[in-house]
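Hi everyone, thanks for coming. Today I'd like to walk you through a structure, and I'll keep it informal.

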Amino acid sequence: MTKTENIIDLRSDTVTKPTEAMLSAMVGAELGDDVYGEDPTVNRLEELAADLSAKEASIFVPSGTQSNLLALLVHCERGDEYIVGQQGHTYKYEGGGAAVLGSIQPQPLDYDSDGTLNLSLVKSYIKPDDPHFAKTKLLCLENTQAGKALPIDYLKKARAFCSSNGLALHLDGARLFNACVSLGESLTTITDQFDTVSICLSKGLGAPVGSVLCGPEKLVKKARRWRKVLGGGMRQAGILAAAGIYALENHIDRLAEDHENASMLSDLLAGINDSRIKVSDAQTNMVFLSLQDVDPIAFSKKLAEKNILTTPSVKMRLVTHLNVDRRDIPYVAEVMSSVLKGL
Ligand SMILES: *Cc1c(COP(=O)(O)O)cnc(C)c1O
């Protein structure tokens, strides 16, 4: 139940399965109808997430995509605009939800190499108050961005920038705890800089389902209405929330192991003497492997034959997580080396 034996799945940290202890917490959860606000376990998770992030309230939702969409819907109205990274999840990987469901226009900008958005550039894209333009209302950042933890100094500057330019500031913190653990910073040092923060429980934290959106009571109340509209009002959701509570209480510190494993993987892959591959330094729980003159599909297929799952790409993202063991790492490096020799 907890781990598919012998498969090393490096495609994403979303693939983690609940541990036995997490399953016990789920089975034992006290339940009620959460649409009536009566699921004690969901209520406990929402209080816990609000406390941890030092926000007035939080709301439990089925996915990070929905959590980000709710944030966009509470900060922006029809005809408003948010500024976001060109590779940002909230722009590129959420099916255009803000436009489809909120009539909200994205203004995507290229990230700098450290995953930040240059604030002078952002400034130049804030539209003047003129009927020709959408109304710029929100800046949306991502942390970690492609595994990179954004510098705290930058986040403080972004906060001051948004306050002085009349913008709200939302964080897509799908992997926010990876950033905290990697920087050795408390969660609130980061969340204090944002109006709203979305955190995934189903990535490195290892819960099967769910995210939380944390923010001021007034905005969370508005989000609760939109969650129902989007079909995200779940009934005895405490069974899922229990996994989230378990994850927040037990799986944060262990993210350091994932980071060590990624680092070890990066070091071992860098030792492979093959000019067709280039390996990035580990960024939290991710390593990027650039392939030149190697067919990514053939490479992934050969790896899969050796029980190593990857997403074929010329820039292959390898992600460590709860179900990747330290002892798997040398095996992965060895197999990659021998597979490359045959291609
Ligand atoms: C995974 C992820 C999300 C949300 O994804 P869901 O699969 O909808 O839970 C949001 N932002 C980033 C950066 C992510 O990696």
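I'll talk about a sheet first and then about a pocket.

One thing to keep in mind: what you're looking at is a predicted model.

Okay, the sheet. As a bit of background, strands of a sheet pair through backbone hydrogen bonds, and they can do that either parallel or antiparallel. Here, seven strands make an open sheet, and if you walk across it you meet S2, S8, S7, S6, S5, S3 and S4, in that order. The pairing is mixed. So which strands stand at the edges? Those are S2, residues 57-61, and S4, residues 105-109. Each has a single partner strand, so one side of each is left without a neighbour in the sheet. On average, neighbouring strands here are turned by 20° against each other, if you ignore direction.

Let's zoom in on one pair. S6, residues 168-173, runs parallel to S7, residues 196-200, and the two are joined over four bridges. If you want to find one of those on screen, look for Asp172, whose bridge partner in S7 is Ser198.

Now the pocket. How do we look for empty space? Rolling a probe the size of a water molecule over the atoms shows where it is left. The largest pocket has a volume of about 740 Å³, and 26 residues line it. Nearest its centre you'll find Tyr93, Gln145, Ala146, Phe288 and Arg317.

What is the lining like by class? We've got eight nonpolar, 10 polar and eight charged residues. Strands S10 (286-291) and S12 (315-319) each supply at least two residues of the lining, and S12 gives the most, with three.

Definitions and conventions. Residues numbered from 1 in each chain as written. Predicted model: local features only at pLDDT ≥ 70, side-chain atom pairs only at ≥ 80, totals over all residues. Heavy atoms only, no water. 1 Å grid on protein atoms, 1.4 Å probe; cavity = no way out; pocket = protein on both sides within 12 Å on 5 of 7 lines; lining within 4 Å. Points joined across faces, edges and corners; volume = space filled by probe spheres on them. Nonpolar A, V, L, I, M, F, W, Y, C, P; charged D, E, K, R; others polar. Pairing = 2+ DSSP bridges. Axes fitted to C-alpha atoms, helices over the stretch in contact; angles between N-to-C directions.
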